[in-house]
Amino acid sequence: MDVILIAVIVVALATIGFVAHNYYKIKRMDEGTERMSEIAEAIRIGANAFINYEYKIIAIVAAIVAGVLGVLVCWEQAVCFVLGACMSAIAGYIGMKVATYANVRVSNAARTTKKLGETLKVAFRGGSVMGLSVAAFALVGMVIIYVVFGKGLGYMEAEAIQNNATNWLGISYTPFTQCLSGYALGCSFIAMFSRIGGGIYTKAADMGADLVGKTEATIPEDDPRNPATIADNVGDNVGDVAGLGSDLLESFVGSIASAVMLGVFVVLKGANVPFEILDKLFYYPLIFVTIGLVSCVIGVLFLLIKKASENPHKELNFATWLSAGLTVVFGLVATLVIFKDVDAAVMQNMGFTLGAWSPWAAAALGVASGILIGVFAEYYTSYDYNPTRLVAHAAEDGAALTITQGMAIGMKSCMAPLFVLAGTLAIAYYTGGFFGVAMAGVGMLSFVGITVSVDTYGPISDNAGGIAEMSRLEPKVRAITDELDSVGNTTAAIGKGFAIGSAAFATLGLMISYIFSFSGEAITLENVAMNIIDPLTLAGALVGAALPYLFSGMLIDAVAKAAKKMVNEVRRQFKEKPGILTGEEKPDYRTCIEISSHGALQEMRVPAIMSIVFPLASGFLFGPWFVAGVLMGGTLSAIMLAIFTGNAGGTWDNAKKYIETGAIEGSGKGSRAHKSSVVGDTVGDPLKDTVGPSLDILIKIMSTVSLVAVPLFNQFNLISLFIK
């Protein structure tokens with residue numbers, strides 16, 4: 001099995017080498033005119049300043065959390081927590097950096113080539129740096145854990161798995177699974193702060209720029225006269241790129257960790273499952289995602305090398321399908337090789353009803369369901385289809401009907417993805433047992449490299465359009481970047497669907513591991529259960545179902561507070577310096593950047609910390625079954641809310657863009673319908689880019705925190721003093 005670890009690290013490091021090649025190739029491209037370079041530099045400085053300060057705050061809190069883990073649980077978990085935080089932070093930082101270099105190069109490619117296909121390649125190359133970094137750095141961290149803790153300290157050996165260690169508090173734990181949960185928690189920690197902080201930043205700036213600039217002053221989007229434009233473009237990089245990267249890296253790690261931990265419980269809790277099978281279950285998820293990473297590199301290369309067409313949607317979809325297809329095919333070969341010599345009776349005892357095909361079938365289901373969820377997201381958010389066009393036509397009758405129609409579309413869009421998730425969950429379980437459920441999540445994220453590449457291309461294109469507008473480039477350039485950006489809105493909605501779908505599977509796997517962790521020796525694979533009508537569990541489920549709404553409300557409130565300050569500042573500048581709108585005076589961009597930065601950094605702390613503290617406080621007060629209910633209720637509630645907010649926001653955004661294309665006769669830019677659609681888009685901004693993306697992190701970080709802390713609050717909780 002050491003050969004497998006060598007192969008994984010070689011693939012990960014080779015991918016990082018390819019990432020470096022794309023990074024420096026982007027940097028060597030021409031930035032264009034002097035004005036374009038100046039604007040790009042201002043965006044770059046703002047993004048760097050924000051993320052550096054954000055990471056300082058995160059580092060302080062992370063050091064405290066690591067110290068607590070080291071004292072109360074074990075030092076190994078604290079080290080792995082720090083490792084996960086570092087991998088996530090590095091991937092996010094690299095992606096943000098290349099995005100701030102790629103944006104102006106995309107604008108210049110559109111200016112010099114006038115070709116949509118060639119401009120797409122530049123944007124996608126920039127996105128590939130973020131996408132491939134996510135999978136590569138996550139795998140580097142996993143290999144370090146396997147080599148140092150699993151092999152070096154012997155935590156993957158039979159004795160270490162079967163005989164738990166005990167810390168100074170008398171808490172019993174399995175060292176290797178605690179290492180994995182610590183690593184996942186570190187990734188979740190960075191993702192939570194990055195998504196919330198970046199989401200508040202970008203939407204405060206975006207709403208301020210739109211409400212005053214486009215609606216009140218009737219100037220175009222990204223007009224250089226608008227003081228909030230630079231802050232808006234900075235926000236795309238710190239929220240939609242750095243935050244996105246940390247988010248999907250966390251999902252990727254969480255799915256692998258839950259599969260490995262469930263593999264441990266399948267052996268420990270299953271009847272007549274020999275311990276020798278555990279090595280295969282340890283390595284199989286790692287092998288599958290490594291195959292996925294290789295497939296993603298091929299998909300990226302294919303799009304960059306081939307002659308690009310003028311249909312960006314077709315090109316991006318094909319790269320995604322190619323990566324997914326190769327993952328499924330190569331994954332089947334690897335699966336049959338790994339499990340070919342396992343006795344049929346043993347497979348039945350593990351829940352592998354299809355024999356050696358079972359784990360692959362579950363993973364392939366995850367791949368298929370991820371793509372299918374993406375298809376539904378595209379249907380409800382792209383203006384090529386009827387739902388978004390309905391919202392655009394509703395805008396002709398005012399902002400109220402725009403918002404009403406968008407809400408209806410968002411709510412209706414929840415049903416189809418949930419049918420897919422429910423069907424995949426049931427089939428994966430009956431095909432591969434609990435391990436199959438976890439592998440469905442692994443399969444969905446196995447080609448995360450390409451999905452994040454496609455997703456990141458969107459904000460890069462959006463930034464490119466802003467730079468084109470602020471640099472006063474010819475309309476043809478803005479038309480190219482707008483078309484890329486419109487496709488980017490749809491790919492972002494697809495990415496959000498992947499994120500919440502994979503979060504559901506990863507969370508479920510973590511929840512099963514959570515129940516196994518404290519339920520005692522009597523619990524087996526056959527009888528593990530959660531009694532939902534138990535008063536404590538039901539009470540927890542009710543509270544948990546309300547938690548995503550409280551969390552979402554706090555985020556929307558945070559965006560509104562920061563946006564209000566931005567609106568007042570833009571209005572002040574227009575009033576005190578009337579020469580800004582006539583082009584005689586320059587706006588003060590710096591103050592707007594500072595408002596977004598301070599607002600985001602100040603407002604992100606409470607909701608982020610709450611997501612960590614809430615399951616801990618619940619556990620120490622009411623015990624593990626109450627927390628199990630919280631996790632179940634919160635997960636179900638958050639999945640619905642995340643799909644609704646993501647799709648409704650994407651629909652409003654693309655309805656506005658549909659009107660801007662002139663597709664509705666007599667209702668182009670500046671019309672009543674356009675102004676109504678801008679209001680709808682502004683309502684959707686905090687929903688699709690702050691609330692929706694943060695909800696999938698909420699359920700994963702709560703599950704991970706609960707799994708890490710359950711040995712503590714299982715023994716030390718207040719309710720146990722009154723209920724025996």
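Let's start at Tyr146, which touches Leu5, Lys151, Met156, Phe176, Val260, Phe282, Tyr283 and Leu286, leaving aside residues up to four places away in sequence; touching, or contact, means heavy atoms within 4.5 Å. This is a predicted model, where local features need pLDDT of at least 70, side-chain atom pairs count only at pLDDT 80 or more, and totals for chains, interfaces and linings use all residues. Residues are numbered from 1 along each chain as its sequence is written, and side-chain values use heavy atoms, without hydrogens and water.

Tyr146 also appears with Phe176, Phe282 and Tyr514 as the residues with the most contacts inside the largest nonpolar core, which has 252 residues. Such a core is a set of buried Ala, Val, Leu, Ile, Met, Phe, Trp, Tyr and Cys residues joined through side-chain atoms within 4.5 Å, with buried meaning under 20% relative accessible area (1.4 Å probe, protein chains only). Helix α7 (residues 229-269) gives the largest share of this core, 21 residues; helices here are DSSP runs (H or I, at least four residues), numbered from the N terminus.

Now for two helix pairs, with axes fitted to C-alpha atoms over the stretch in contact and angles running from 0 to 180 degrees between N-to-C directions.

| Helices | Axes | Angle |
|---|---|---|
| α3 (residues 75-113) and α6 (residues 175-216) | within 7 Å | roughly 40° |
| α9 (residues 312-339) and α15 (residues 448-470) | 9 Å apart | about 160° |

In the α9 and α15 pair, the contact is made by Pro312, Leu316, Ala319, Thr320 and Ser323 of α9 and Ile450, Val454 and Tyr457 of α15.

Notes:
Helices (H or I, at least four residues) and strands (E, at least two) are DSSP runs, numbered from the N terminus. Buried means under 20% relative accessible area, exposed over 50%, partly exposed in between (1.4 Å probe, protein chains only).
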